[in-house]
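Reader: Before I rely on the labels attached to this model, I would like to hear the reasoning behind them. Could you take me through them one by one?

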Amino acid sequence: KGKCPEDGWDESTIELFLHELAIMDSNNFLGNCGVGEREGRVASGLVARRHYRLIHGIGRSGDISAVQPKAAGSSLLNKLTNSVVLDVIKLAGVRTVTSCFVVPMATGMSLTLCFLTLRHKRPKAKYIIWPRIDQKSCFKSMITAGFEPVVIENVLEGDELRTDLEAVEAKIKALGAENILCVHSTTSCFAPRVPDRLEELAVICANYDIPHIVNNAYGVQSSKCMHLIQQGARVGRIDAFVQSLDKNFMVPVGGAIIAGFNESFIQEISKMYPGRASASPSLDVLITLLSLGTSGYKKLLKERKEMFSYLSSELKKLADNHNERLLDTPHNPISLAMSLKNLDETNDAAVTQLGSMLFTRQVSGARVVPCGSVQTVNNYTFKGFMSHANDYSCAYLNAASAIGIKKQDVDVFLKRLDKCLKTFRKEAKQEKNINEISDANAATEQLEN
């Protein structure tokens, strides 16, 4: 049926299945005589075993989705993977998606592929409307494709940074719709930025006949992000949405899924990819989904959501204990932010030092964002870089509840963060005492004089 099985397969069954696919490829035929330049020859047995002897990759020189006659097994693997992944995207919340394919590039380059495909549809266009998110790869994806990003600053609503819809529409009118390649929006992001207002952006794109590409990097694991995409496609226009394999399916980095609601456009994107491609990302995600089954994947999604609630409540308690606060970002379903106002006021370097302390204590993934940092990316200067705004009100620390996180991860993180913050408070108190003693000594000396 080309769907993800409800119950996961055991490893020996998956390996048997892969071996059956592999013996359908010509390089594994007994008595095969290859006289071409690409015959699936592999010098190392270890490399051959690592890839289950599926050596030919996927696609043909003109189309990454095309069937390769001398690699029937690899071609079947590619078709099955795309079909199974489409089933899982529907299961995760985008029920009306019609087509998708796995591409052996991470999210940034996959976005670039989408933009390059749109170039042929809109030859006059040179601008991409981009509500600001301080993440380099999605910004560079537009530059690499040869377009000029038009950065739309976010608006502050409470603690949240949200899409400035009026600024988006005003910029479309100022530049002219025919000169705009697309609107490039974002779902999954670091708090206090929250997912873009996808429904409203989709309506704007439909009204002005402008394509809409969504960066859904790690949004498959969030029912809220997937609901936004589903609703955006229902009420307006979304041409394609791109998500990472590693962030959503716990496989090695190197692959992404490009999906959409118009099958012919998704096929156009797949044909834009030049040459054949590595089958490794497709193989990794197929093995993973066959081992999990839909029941296993749904269980992971449920656990992630539960861990988000747990992380949120426990991080709030810790923040209160240190006279800080958990920023109020209810529209972000994955990432949380805790203020570091007291730390920032105590010592300019303390915020970045906290990040170093956490990293050396084996806490990975926590982002510490100081105020006022400036960074230039491809000749574009961003003020307050990493905070998604020129001047956010306070320094803060990010933590996320991503798929696969365990209660132990949350508990150990909070324990180590608490210890680091206590170290800073102790040092600050000692410094204050030293300053008070120095002031008292100076006053005494002045009286004596």
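Reader: Which helices and strands each supply at least two residues of the lining of the largest pocket?

Author: In this predicted model, the elements that each give at least two lining residues are α4, α5 (136–144), α9 (245–249), β14 (396–400) and α14 (407–448). The largest share, 6 residues, comes from α14, and the whole lining amounts to 38 residues, of which Ser-364, Gly-365, Ala-366, Ala-400 and Ala-402 lie nearest the centre of the pocket. The space in this pocket comes to about 920 Å³, and its lining divides into 22 nonpolar, 12 polar and 4 charged residues.

Reader: How do you know where the largest pocket lies with respect to domain 1 and domain 2?

Author: The argument rests on who contributes to the lining: domain 1 (11–21 + 57–295) and domain 2 (297–434) both give residues to it, and therefore the pocket lies between them.

Reader: What makes the length of α4 agree with that of a helix?

Author: Helix α4 covers residues 107–121, which is 15 residues, and at 1.5 Å a residue these should span 21 Å; since the end C-alpha atoms are 22 Å apart, the two values agree.

Reader: Which residues of α4 are called buried, and by what cut-off?

Author: A residue is called buried when its relative accessible area is under 20%, and in α4 this label goes to Thr-107, Gly-108, Ser-110, Leu-111, Thr-112, Leu-113, Cys-114, Phe-115, Thr-117 and Leu-118. For the protein chain of 449 residues, 50% count as buried.

Reader: Why is the contact of Glu-268 with Lys-121 called a salt bridge?

Author: The rule asks for a side-chain nitrogen of Lys or Arg within 4 Å of a carboxyl oxygen of Asp or Glu. The side chains of Glu-268 and Lys-121 meet with N to O at 3.4 Å, so the pair satisfies that rule. Because Glu-268 lies in helix α10 (residues 263–272) and Lys-121 in helix α4, the salt bridge ties together parts that are 147 residues apart in sequence.

Reader: Are Glu-268 and Lys-121 buried or exposed, or what lies in between?

Author: Both fall in the range from 20% to 50%, between the cut-offs for buried and exposed: Glu-268 has 32% relative accessibility and so counts as partly exposed, and Lys-121, with a relative accessible area of 46%, is partly exposed as well.

Reader: What does the salt bridge of Arg-132 and Glu-153 link?

Author: The side chains of these two residues, Arg-132 and Glu-153, meet at 3.2 Å, N to O. This pair links distant parts of the chain, with Arg-132 in the loop between β2 (127–131) and α5, and Glu-153 in the loop between β3 (148–152) and β4 (155–157), 21 residues apart. With 0% relative accessibility Arg-132 counts as buried, whereas Glu-153, at 30%, is partly exposed.

Reader: And how many salt bridges does the count come to?

Author: By the rule above the count comes to 15 salt bridges. One of them joins Arg-237 and Asp-209, whose side chains meet at 2.9 Å, N to O; Arg-237 is in the loop between α8 (223–235) and β8 (240–244), and Asp-209 in the loop between α7 (198–208) and β7 (212–215), 28 residues apart. Arg-237 has 22% relative accessibility, and therefore counts as partly exposed. In addition, salt bridges that share partners join Arg-132, Asp-134 and Glu-153 into one network.

Notes: Residues are numbered from 1 along each chain as its sequence is written. This is a predicted model: local features need pLDDT of at least 70, side-chain atom pairs count only at pLDDT 80 or more; totals for chains, interfaces and linings use all residues. Side-chain values use heavy atoms; hydrogens and water are left out. Helices (H or I, at least four residues) and strands (E, at least two) are DSSP runs, numbered from the N terminus. The expected span of a helix is 1.5 Å times one less than its number of residues. Buried means under 20% relative accessible area, exposed over 50%, partly exposed in between (1.4 Å probe, protein chains only). On a 1 Å grid over the protein atoms alone, a cavity is a set of points where a 1.4 Å probe fits but cannot get out, and a pocket is an open set with protein on both sides within 12 Å along at least five of seven lines; lining residues have an atom within 4 Å of a point. Grid points are joined across faces, edges and corners, and a volume is the space filled by probe spheres set on the points. Ala, Val, Leu, Ile, Met, Phe, Trp, Tyr, Cys and Pro count as nonpolar, Asp, Glu, Lys and Arg as charged, and the others, Gly among them, as polar. Domain bounds come from an automatic or database domain assignment.
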